[in-house]
Amino acid sequence: MKLLDLKQKTVEEAAALLGVDPKAAALERFAAIGLPTKKSEEYRYFQIEKFYEKEYRTLSYVPHPIEEAEKIVITDGMVTHAPKGMRIYYEQCQAMDMAHFDPMYYLGHLLSPHVIKIDLDGDADIEIEHRYTQSGALINYRIVLLNQANRHSTVFESFQAEDISDTLVLYGYDIFVAPDSTLRMVKNQNMHDNQYAMVASHRFKLDQRANAVIKSFDMGEDMGLQLIKAELDRYAHIDAGHLLYLNNEAQRGTVSKIIHRGEHATSHQEAKNILDGHSRGIFDALIKVEHTAKYTKAHQNSKAILLDEKAYMAAKPQLEIYIDELEASHGSTTGQLDPKQLFYLRSRGISEVEARKMLVIAFANTLIEQVKDHRHQEIIKKTFDEAFYRN
Amino acid sequence: MKILEIKDVHAKIGEKEILKGLNLELEPGKVHAIMGPNGAGKSTLSKTIVGHYDVEVTEGDILYKGKSILNMEPEERALEGIFLSFQHPVEIPGVNNAYFLRTALNAKRKHEGKEELNAAEFLREMKKYLEMLGMKADMISRSLNEGFSGGEKKRNEILQMLMLEPEVIILDEIDSGLDIDALRAVSEGINMMKDGKRSFLVITHYSRILDYIKPDYIHVLKDGRIIKTAGPELVAQLEEEGYESIEEEA
């Protein structure tokens, strides 16, 4: 399959190419927005068109028997392992967002014959490992995640790629955070060696008094973009933190829209970006406060350290506000490692590489140490080390 | 043999020449005090010895144990045994004080072919000095110098010096910002390091610190050069008459 074939197609033409019902709601939305280009606001800093000319192998998504394991493993878009008693189903998506800003959200749904639905029972603490084993493939899958009211769940996401190359992954979540519950999502990803590129398009819907904590740790090379839409009902709270540590030719980051719909909702979004080599970091984040969202509190901030003069940070924190009764702030800074700090460490016999690492980790630690589970913190620190010492 | 020899060093910061043919020799086991007016080049001298990025040496040489160090990186100079206690130690949020010091100590031990210390061994070693310096135990778990008072920062410098056991110790305005108790504790730490082999270069504006750390030599630095070297008796003359009274020695 070549994505370019979907460019500027009518609903009928796109339906024929994708093999879906021309009346599918997602298709109408996809055709209306169109395949993103470099002129699309959300993809301005990410060269999505790089993937359009390539011919990708498509996979067949036939459910496998699920083996018992300590974590959920999704191999090339299908669940292959899961803990005993975990409620996982394949089904048609019942609750697609018909106002998502990202066309790839709809393309992901159209390409996926079914969604993987995961019900989080009680105070669940699960790990989802995404495994990719196919080269030159277009791997697409969507996950629907539901938790229960008054419960507190944690999902730790990790990514493994075998010896593959030139694969494109389109995946994403539709997550519904129940009233009075907390959902913590921690994503830990280290990409390198041109194994795969990723466009991850997510939707979070937070019910009344729901609390979502989203922490993403993106390290290494290659291309990856996560696009997040989050809607907040009354008294809901979202705490989003994004760490980027990139090197070589990486192009990765976050495009997000957090929408305050209900009164007294609060959001806090923080991006820490460490960029080396020729890498490009992206933080294009909008917080929108609607007319109905009085007494909102919304804060967002991006900080970047450039370790190489050729590295580039595209930071665009934005607020769009339609009410007066709120508290909001946003800001962005970009700089280098402090030479005085670097010299101080070196003057005590610490090598320049180690001193730089200490300062970079110190910068990153403020986010890593927000991860509640110390086991997860350790895994993230180890991933950081691997990415740091690979160069 | 001299432990450190500074030979006709000219050094500039930016386009401005600060050191203008400075000569100085440090003897093993001796305390050398550098005194001089503001802007004489005292801090530039300390920066030059440790290889600070601000300073460019345009002429001359610095020999440590007979070997030129001008082409050595700052960390190499430190590993060889040169230590600068900074006038204004920098704050580094997010870098744990104990982790930093253990990394530095283990880098030194590795350089000397010794086993690295594990966390428990290191803490045992460090605790010996904390009490002596009047340092609170929580200072080791805080970020490096972050939110430390002036006195705490200087005590932390001395703690590093005690742990790293350097051979040439440069103390740049170690007494600035210290109350009398802190000055006593810091001086005690410094005096503990005297072993007849280590050399000290005490850079100071005022003679107060020299009541606690007895110098063997006083060098007057003025306009980028050492203009006079004498015994401790010179301090009294400087106190009395100021730097203007000092004539350059032939």
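Let me start with a term: a polar contact is a pair of N or O atoms within 3.5 Å, and within protein one of them must be able to donate a hydrogen and the other to accept it. With that in hand, hello everyone, and please keep in mind that we are looking at a predicted model.

So how many residue pairs are in polar contact between chain A and chain B? There are ten, counting pairs with both residues at pLDDT 80 or more. On the chain A side, the elements giving two or more residues are α4 (339-346) and α5 (352-368). The largest share, seven residues, belongs to α4(A). Sorted by type, that side has eight nonpolar, five polar and five charged residues.

Now the interface as a whole. Here 18 residues of chain A meet 30 residues of chain B. Together the two chains bury about 2,000 Å², with 68% of it on carbon and sulfur atoms. Within chain A, Phe343(A), Tyr344(A) and Arg348(A) lose the most area to chain B, together 41% of what that side buries. Arg348(A) also forms a salt bridge with Glu157(B), where the closest N and O atoms are 2.8 Å apart. The count of salt bridges between these chains is three.

Let's turn to the sheet in chain A. It is open, has eleven strands with mixed pairing, and runs from β2 to β21 in its order. Those two, β2 (67-68) and β21 (326-335), stand at the edges with a single partner each, so one side of each has no neighbour in the sheet. Further in, β17(A) and β19(A) run parallel, joined by ten bridges.

Finally, α5(A) comes back: this helix lies across β13, β15, β17 and β19 of chain A, at about 155° to β17(A). Helix α6(A) packs on the sheet too, making about 20° with the direction of β11(A).

Methods:
Residues are numbered from 1 along each chain as its sequence is written. Chains are lettered from A and ligands numbered from 1 in the order in which they are written. This is a predicted model: local features need pLDDT of at least 70, side-chain atom pairs count only at pLDDT 80 or more; totals for chains, interfaces and linings use all residues. Side-chain values use heavy atoms; hydrogens and water are left out. Contact means heavy atoms within 4.5 Å. Buried area is the accessible area (1.4 Å probe) that two parts lose on being put together, summed over both. A salt bridge is a side-chain nitrogen of Lys or Arg within 4 Å of a carboxyl oxygen of Asp or Glu. A polar contact is a pair of N or O atoms within 3.5 Å; within protein, one must be able to donate a hydrogen and the other to accept it, and residues adjacent in sequence count only if both atoms are side-chain atoms. Helices (H or I, at least four residues) and strands (E, at least two) are DSSP runs, numbered from the N terminus. Ala, Val, Leu, Ile, Met, Phe, Trp, Tyr, Cys and Pro count as nonpolar, Asp, Glu, Lys and Arg as charged, and the others, Gly among them, as polar. Two strands pair if DSSP finds at least two bridges between them. Axes are lines fitted to C-alpha atoms, for helices over the stretch in contact, and angles run from 0 to 180 degrees between N-to-C directions.
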